[in-house]
Amino acid sequence: MFKDKKTLIAFSIIPQFLLIKLVGSNHELIETYYTNGLYQYTSKILRYVFGWLPFSFGDIFYALAIIYMIRWLIINRKRFTKDKRGWLAEVFSFIAVIYFSFHVFWGMNYYRIPLNESLGLAKEYTTEQLIDVTKRLIVKTNAIHLKITNNDSVKVVMPFTKEDILKIAPEGYNTLEKTYPHLKYKPVSIKKSLFSLPLTYMGFSGYLNPLTNEAQVDALIPVYKFPTTTCHEIAHQLGYAAENEANFMGCLAAIHNEDIHFVYSGYAFALRHCVNEVYNRDPELFKILVESINKGVRKNYKEVRDFWDQYKNPTEPIFKTTYNAYLEANDQEGGIESYNYVVDLMVHYFEDKI
Ligand SMILES: [Zn+2]
């Protein structure tokens with residue numbers, strides 16, 4: 001039936017897909033044998049291999065791959081009409097290899113046991129619980145903000161360069177590791193993206209390269225946002241694939257850092273998510289709560305909003321839709337919408353902690 005190896009590889013996508021969905025439906029199996037098994041070895045090996053390089057090897061690999069694909073399409077453009085079968089076999093065998101590598105090196109983490117279950121946290125919360133936690137987060141964030149600035153109207157300016165932040169961010173995980181040994185982050189592999197400008201236009205502040213396990217942070221985002229974004233990308237490396245879970249772990253790592261500026265960015269991050277959820281449920285109360293947040297904290301929020309507004313463009317929604325489709329293909333119900341699930345985790349976590 002299959003004339004050559006390439007056709008066979010191309011058709012392997014079908015059993016691969018079925019196997020992934022079958023194995024992926026057993027979350028315990030994934031948690032034990034993939035995330036805490038195979039992935040522990042592959043991710044560490046990749047970070048040992050690429051982590052020490054001062055630049056993102058994965059970004060260069062992507063650039064070369066894109067050039068190669070364009071070149072291939074130009075060279076083989078006529079073959080499509082003459083040898084359709086061979087052309088399709090070549091394209092799909094390439095896709096099959098990428099699909100396979102993606103799942104072996106990273107993608108199966110999407111099928112883990114949900115974090116709220118593994119932490120034993122309830123999933124639902126009442127509006128009263130949300131309001132209570134939000135109010136406490138306001139008190140906490142305001143206090144840390146004032147400790148840093150001594151003036152409630154001044155925004156926090158990070159006393160670090162972005163390179164410094166990349167080096168300091170793992171410390172939060174070192175603290176968490178004492179309670180949760182699986183959060184040990186070693187070896188380190190976190191870099192600025194070589195494609196920060198296109199990334200910004202696409203509306204992303206960072207990403208993990210699944211094939212090299214390097215984490216890239218958009219080098220253009222405001223310094224104030226750098227700690228939580230860096231911690232978010234590290235969470236992805238540690239096997240938290242889901243966006244909402246990486247947000248939660250990133251927030252925890254920031255507030256467990258010894259540096260007060262990191263702690264501030266972590267609490268401000270949690271507060272922003274919670275107060276936005278209050279807006280969805282009670283816009284009038286939202287207005288009152290926002291007024292009680294220090295002006296300086298609000299200036300930090302505005303700094304980030306202004307930054308993204310600067311780069312708004314018609315292509316951004318296309319990339320967001322593509323990413324959404326990607327998340328849904330990986331069993332992330334609700335796609336980007338599921339970002340709000342981070343509030344579930346935050347409400348239940350902070351309820352008895354602050
Ligand atoms: Zn992410």
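1. A cavity, on a 1 Å grid over the protein atoms alone, is a set of points where a 1.4 Å probe fits but cannot get out, and its lining residues have an atom within 4 Å of a point. Grid points are joined across faces, edges and corners, and a volume is the space filled by probe spheres set on the points. The largest cavity here has a volume of about 40 Å³.

2. Please note that this is a predicted model, in which local features need pLDDT of at least 70 and side-chain atom pairs count only at pLDDT 80 or more, while totals for chains, interfaces and linings use all residues. Residues are numbered from 1 along each chain as its sequence is written, and side-chain values use heavy atoms, with hydrogens and water left out.

3. The lining of the largest cavity is formed by Tyr39, Gln40, Ser43, Lys44, Arg47, Lys184, Gln237 and Leu238. Because domain 1 (5-111) and domain 2 (115-350) both give residues to this lining, the cavity lies between them; the domain bounds come from an automatic or database domain assignment.

4. Turning to the metal, the zinc ion has as its protein donors (N, O and S atoms within 2.8 Å of the metal, or 3.2 Å for Na, K and Ca) His232 (NE2), His236 (NE2), Glu243 (OE) and Glu243 (OE), lying 2.1 to 2.5 Å from it. Water is not among the atoms, so sites may look incomplete. In sequence, the spacing of the donor residues is H-x3-H-x6-E.

5. Both His232 and Glu243 are buried, meaning under 20% relative accessible area, with exposed over 50% and partly exposed in between (1.4 Å probe, protein chains only).

Note on methods
On a 1 Å grid over the protein atoms alone, a cavity is a set of points where a 1.4 Å probe fits but cannot get out, and a pocket is an open set with protein on both sides within 12 Å along at least five of seven lines; lining residues have an atom within 4 Å of a point.
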